[in-house]
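User: Please take a close look at one part of this model, the open sheet and what packs on it. Keep it brisk, and give the cut-offs behind each term.

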Amino acid sequence: NIQEWCISRQLWWGHRIPAYKVVKPSQSEELWFTGRSYEEAKAKAQAKLGTQDVELAQDEDVLDTWFSSGLFPFSVFGWPDTEGNDDFEAFFPTSLLETGHDILFFWV
(Lines give C-alpha, C1' and ligand atoms only; values in the text may rest on other atoms or scores of the structure.)
Protein backbone atom coordinates (compact mmCIF):
# COMPACT_ATOMS: atom_id res chain seq x y z
CA ASN A 1 0.00 0.00 0.00
CA ILE A 2 2.80 2.43 -0.85
CA GLN A 3 1.53 5.88 -1.80
CA GLU A 4 3.29 8.67 -3.65
CA TRP A 5 5.27 10.92 -1.33
CA CYS A 6 6.05 14.57 -1.94
CA ILE A 7 9.83 14.98 -1.67
CA SER A 8 9.67 18.71 -1.12
CA ARG A 9 8.27 21.08 1.46
CA GLN A 10 7.28 24.70 1.19
CA LEU A 11 10.08 25.85 3.50
CA TRP A 12 12.40 28.81 3.16
CA TRP A 13 15.44 26.86 4.41
CA GLY A 14 16.96 23.51 3.64
CA HIS A 15 18.70 21.70 0.81
CA ARG A 16 17.27 22.93 -2.47
CA ILE A 17 16.14 20.31 -4.91
CA PRO A 18 18.85 19.95 -7.61
CA ALA A 19 16.35 20.24 -10.47
CA TYR A 20 16.45 23.01 -13.03
CA LYS A 21 13.66 24.10 -15.40
CA VAL A 22 14.51 25.31 -18.90
CA VAL A 23 13.63 29.01 -19.14
CA LYS A 24 15.39 29.69 -22.44
CA PRO A 25 14.88 28.63 -25.18
CA SER A 26 11.12 28.62 -24.76
CA GLN A 27 9.60 25.13 -24.63
CA SER A 28 6.04 24.02 -25.42
CA GLU A 29 6.07 21.88 -22.23
CA GLU A 30 8.11 22.21 -19.04
CA LEU A 31 11.50 20.57 -19.42
CA TRP A 32 13.65 19.79 -16.37
CA PHE A 33 17.25 18.70 -15.87
CA THR A 34 19.04 17.59 -12.73
CA GLY A 35 22.64 18.02 -11.72
CA ARG A 36 24.98 18.37 -8.79
CA SER A 37 25.40 21.98 -9.84
CA TYR A 38 23.82 24.53 -12.15
CA GLU A 39 26.68 24.01 -14.58
CA GLU A 40 26.15 20.24 -14.74
CA ALA A 41 22.41 20.62 -15.34
CA LYS A 42 23.07 23.29 -17.97
CA ALA A 43 25.54 21.03 -19.80
CA LYS A 44 22.88 18.29 -19.90
CA ALA A 45 20.31 20.75 -21.21
CA GLN A 46 22.67 22.10 -23.87
CA ALA A 47 23.44 18.58 -25.08
CA LYS A 48 19.77 17.56 -25.18
CA LEU A 49 18.54 20.78 -26.80
CA GLY A 50 21.46 21.10 -29.21
CA THR A 51 22.20 24.73 -28.37
CA GLN A 52 24.57 26.65 -26.10
CA ASP A 53 21.99 29.39 -25.53
CA VAL A 54 20.29 27.81 -22.51
CA GLU A 55 19.02 29.44 -19.35
CA LEU A 56 17.78 27.42 -16.37
CA ALA A 57 15.94 28.23 -13.14
CA GLN A 58 16.42 26.05 -10.07
CA ASP A 59 13.36 24.62 -8.33
CA GLU A 60 12.63 26.83 -5.32
CA ASP A 61 11.43 23.99 -3.08
CA VAL A 62 13.69 22.22 -0.63
CA LEU A 63 14.03 18.52 0.10
CA ASP A 64 11.93 17.03 2.85
CA THR A 65 13.40 17.62 6.31
CA TRP A 66 13.80 13.87 6.85
CA PHE A 67 16.10 13.79 3.85
CA SER A 68 17.95 16.92 4.92
CA SER A 69 18.59 15.54 8.39
CA GLY A 70 20.22 12.50 6.77
CA LEU A 71 22.76 14.84 5.16
CA PHE A 72 23.93 16.14 8.53
CA PRO A 73 26.85 13.70 8.95
CA PHE A 74 28.09 14.52 5.48
CA SER A 75 27.87 18.28 5.87
CA VAL A 76 29.70 18.46 9.21
CA PHE A 77 32.56 16.29 7.95
CA GLY A 78 33.26 18.27 4.79
CA TRP A 79 31.60 16.10 2.16
CA PRO A 80 32.37 15.60 -0.70
CA ASP A 81 36.02 16.07 0.26
CA THR A 82 36.16 13.22 2.78
CA GLU A 83 39.12 11.23 1.48
CA GLY A 84 41.73 11.09 4.21
CA ASN A 85 39.41 12.89 6.64
CA ASP A 86 40.04 11.22 10.00
CA ASP A 87 36.83 12.54 11.56
CA PHE A 88 34.70 11.25 8.68
CA GLU A 89 36.34 7.84 8.85
CA ALA A 90 35.91 7.67 12.65
CA PHE A 91 32.32 8.87 12.92
CA PHE A 92 30.62 7.87 9.66
CA PRO A 93 28.59 5.86 9.13
CA THR A 94 26.89 6.60 12.38
CA SER A 95 25.51 3.85 14.60
CA LEU A 96 22.23 5.59 15.47
CA LEU A 97 19.05 5.59 13.42
CA GLU A 98 16.00 7.46 14.57
CA THR A 99 12.85 7.49 12.49
CA GLY A 100 9.12 6.95 12.73
CA HIS A 101 7.84 3.39 12.44
CA ASP A 102 5.21 4.53 9.95
CA ILE A 103 7.80 5.64 7.39
CA LEU A 104 10.55 3.15 8.17
CA PHE A 105 10.01 1.16 4.96
CA PHE A 106 10.47 4.30 2.85
CA TRP A 107 14.04 4.95 3.91
CA VAL A 108 15.59 1.94 5.59
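Analyst: Start with one bridge: Tyr 20 has Phe 33 in β3 as its bridge partner. Strands here are DSSP runs of E with at least two residues, helices are runs of H or I with at least four, and both are numbered from the N terminus.

This is a predicted model, in which local features need pLDDT of at least 70, side-chain atom pairs count only at pLDDT 80 or more, and totals for chains, interfaces and linings use all residues. Residues are numbered from 1 along each chain as its sequence is written, and side-chain values use heavy atoms, with hydrogens and water left out.

Now the sheet. Strand β2 covers residues 19-24, and three bridges join β2 to β3 in an antiparallel run. Two strands pair if DSSP finds at least two bridges between them. The sheet is open, with three strands in the order β3-β2-β4 and antiparallel pairing. Its edge strands are β3 (32-34) and β4 (55-58), each paired on one side only. From one strand to the next, the twist averages 40°.

A helix covers this sheet. Helix α1, residues 38-49, packs on the sheet and touches β2, β3 and β4. Contact means heavy atoms within 4.5 Å. The direction of α1 makes about 130° with that of β3. Axes are lines fitted to C-alpha atoms, for helices over the stretch in contact, and angles run from 0 to 180 degrees between N-to-C directions.

Two aromatic pairs turn up in a search of the whole structure. One of them joins Tyr 20 and Tyr 38, edge-to-face, at 5.8 Å centre to centre with 75° between the planes. Rings of Phe, Tyr and Trp (its six-membered ring) pair if their centres lie within 6.5 Å; planes under 30 degrees apart count as stacked, over 60 as edge-to-face and the rest as tilted. Tyr 20 sits in β2 and Tyr 38 in α1, so the pair ties together parts 18 residues apart in sequence. Tyr 20 counts as buried, at 5% relative accessibility. Tyr 38 is partly exposed, with a relative accessible area of 29%. Buried means under 20% relative accessible area, exposed over 50%, and partly exposed in between (1.4 Å probe, protein chains only).

Further along, Gln 46 also belongs to helix α1. Gln 46 is buried, with a relative accessible area of 16%. Leaving aside neighbours within four places in sequence, Gln 46 is in contact with Thr 51, Gln 52 and Val 54.
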